[in-house]
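Let's take a friendly walk through this model, one region at a time. Have the 3D view open beside you as you read.

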Amino acid sequence: MSDRAVRISQAGGPEVLTIEPVQVGDPGPGEIRIRHAACGLNYIDIYHRSGVYPLPLPTGLGMEGAGIVEAVGEGVTHLRPGDRAAYASQPIGAYATARVMPARCVVKLPDFLSFEQGAAMMLKGMTVQYLLRRTLPQGGLQPGDHVLFHAAAGGVGLIACQWAKALGLRLIATAGSDAKCRLALDHGAEFAINYSTENFAERVKEITGGRGVKVVYDSVGASTWEGSLASLRPFGLMVSFGNASGVVPPVALGALSAKGLYLTRPSLFVHLDSLETTQAIAGDLFAAVERGAVRIEVEQRYPFDEVQRAHRELEARTTTGSGVLLV
Ligand SMILES: NC(=O)c1ccc[n+]([C@@H]2O[C@H](COP(=O)([O-])OP(=O)(O)OC[C@H]3O[C@@H](n4cnc5c(N)ncnc54)[C@H](OP(=O)(O)O)[C@@H]3O)[C@@H](O)[C@H]2O)c1
């Protein structure tokens, strides 16, 4: 059967996702060809499809996958044909049966991880790695410190709950339903707040004895922005790393002055600037899974042909944890 890829020729709802036959060529210098077993589903794919993050069109979609290396181009030394491999990276185009891509973005997948787990964990897990290990307030985070993590029952969120617990952090989770709150607690959050029904900033004050948290990890964006700033202690760090509810409006810097807050807007893809860094971040993630600190569960599996349904469900907030497309 010929190769196939998900493509869009215009931004819009899930209906713009089409599956087309594609020719996958041979890898050039520094490239590999990978045959996917599974592709990761991420909220960033929704931003790309809907135009929140505009792309030149037409385009493929998807930034995470796992499978077998079929061929390597000149100069590639860390991968060989037949290797199990996984990645989270640009260029966009992971929703495909096979693809050619830069080798420097791709790492070997350890044998204790399935392809489904690889596709479910690389983008989300490496994001949690750089958030909890590299995106820190002044003086760092110590065991016992409170952090607030929004959308904690999602793909990134459930990995963060577990990893934070392993680091001794007291993670306060937010999620959109009581069932999702229970899931976050089951994965290591110490407290969980249903932000659909409760004022999370008030609850954070109660939980922290009026002080507030050292860091807020906020991927929800517009709807949580004000409450997140209100939840921070003086000199706390606001990490705005996503916009599931809408893009945060332009910020008046004065909003930070009352508490001398720090603000960052990071991206995984700024961290993954070389093979060495990618291997280091992925290696730390694999080690966390191997020692049992983080379990990688695949909560949603969709046949490749049901990519539209996968997007509908992710956007409708009916999913929890990680989801994959099965190739
Ligand atoms: N900057 C980076 O490096 C980076 C890297 C990876 C991911 N991210 C961001 O991290 C977030 C999580 O990514 P993910 O792939 O794991 O997705 P996800 O958390 O599984 O799904 C997004 C979640 O956001 C919450 N949400 C709150 N308001 C929403 C709204 N109005 N519409 C839709 N969802 C809403 C929902 O959880 P509740 O129902 O519990 O509210 C939803 O399940 C995304 O914003 C993503 O863009 C950023």
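A good starting place is helix α3, which lies across β9, β10 (170-175) and β12 and runs at about 165 degrees to β10. The angle is taken between N-to-C directions, on a scale from 0 to 180 degrees, with axes as lines fitted to C-alpha atoms, for helices over the stretch in contact. Helices (H or I, at least four residues) and strands (E, at least two) are DSSP runs, numbered from the N terminus.

Two remarks on the source before going further. Residues are numbered from 1 along each chain as its sequence is written. The model is predicted, and local features need pLDDT of at least 70, side-chain atom pairs count only at pLDDT 80 or more, while totals for chains, interfaces and linings use all residues.

**The sheet under α3**

The strands just named belong to an open sheet of six, in the order β11-β10-β9-β12-β13-β14, with parallel pairing. Two strands pair if DSSP finds at least two bridges between them. At the edges stand β11 (191-194) and β14 (262-264), each with a single partner strand, so one side of each is left without a neighbour in the sheet. From one strand to the next, the twist averages 15 degrees. Further in, β12 (residues 213-218) and β13 (residues 232-240) run parallel and are joined by five bridges. In that pair, D218 of the chain stands opposite S240 in β13.

What surrounds L148? This residue sits in strand β9 (residues 146-149). Leaving aside neighbours within four places in sequence, L148 is in contact with I172, V204, V213, V216 and S231; contact means that the C-beta atoms, placed from the backbone, lie within 7 Å. L148 counts as buried because it has 32 C-beta neighbours inside 10 Å. The cut-offs are 20 or more other C-beta atoms within 10 Å for buried, 12 or fewer for exposed, and partly exposed in between.

**Two domains and a ligand**

The protein chain is divided into domain 1 (3-124 + 269-326) and domain 2 (136-265), with bounds that come from an automatic or database domain assignment. Their C-alpha centres lie 27 Å apart. Twelve residues of domain 1 are in contact with 16 residues of domain 2. On the side of domain 1 that touches domain 2, the residues divide into five nonpolar, four polar and three charged. Here Ala, Val, Leu, Ile, Met, Phe, Trp, Tyr, Cys and Pro count as nonpolar, Asp, Glu, Lys and Arg as charged, and the others, Gly among them, as polar.

Where does the ligand lie? Both domains give residues to the shell around the ligand, so it lies between them. The ligand is surrounded by 29 residues, the closest being G154, G155, G176, S219 and G242; a residue belongs here if its C-beta atom, placed from the backbone, lies within 6 Å of the molecule. Elements giving two or more residues to this shell are α1 (43-50), α2 (115-134), α3 (155-166) and α9 (307-315). By type, the shell holds 13 nonpolar, twelve polar and four charged residues.

**Around α1**

Helix α1 has Y43, I44, D45, H48 and R49 as its buried residues. These pack against β1 (3-8), β3 (31-41) and α9. After the helix comes G51, with a positive phi near 95 degrees.

One of these buried residues, D45, is also touched by G62, as are V6, C39, I92, G93, A94 and Y95, not counting residues up to four places away in sequence. G62 is in the loop between β4 (59-60) and β5 (64-72), and is buried, with 26 other C-beta atoms within 10 Å.

**Backbone points to check**

Most residues other than glycine have a negative phi, and most peptide bonds are trans. The table collects places that depart from this pattern.

| Site | Backbone value | Location |
|---|---|---|
| L57 to P58 | cis, omega near -5 degrees | P58: loop between α1 and β4 |
| Q90 to P91 | cis, omega about -5 degrees | P91: loop between β6 (84-88) and β7 (98-102) |
| A151 | positive phi, about 50 degrees | loop between β9 and α3 |
| R317 | positive phi, about 65 degrees | loop between α9 and β16 (322-326) |

Are A151 and R317 buried or partly exposed? A151 is buried, with 28 other C-beta atoms within 10 Å, whereas R317 is partly exposed, with 17.

Key. Contact = placed C-beta atoms within 7 Å.
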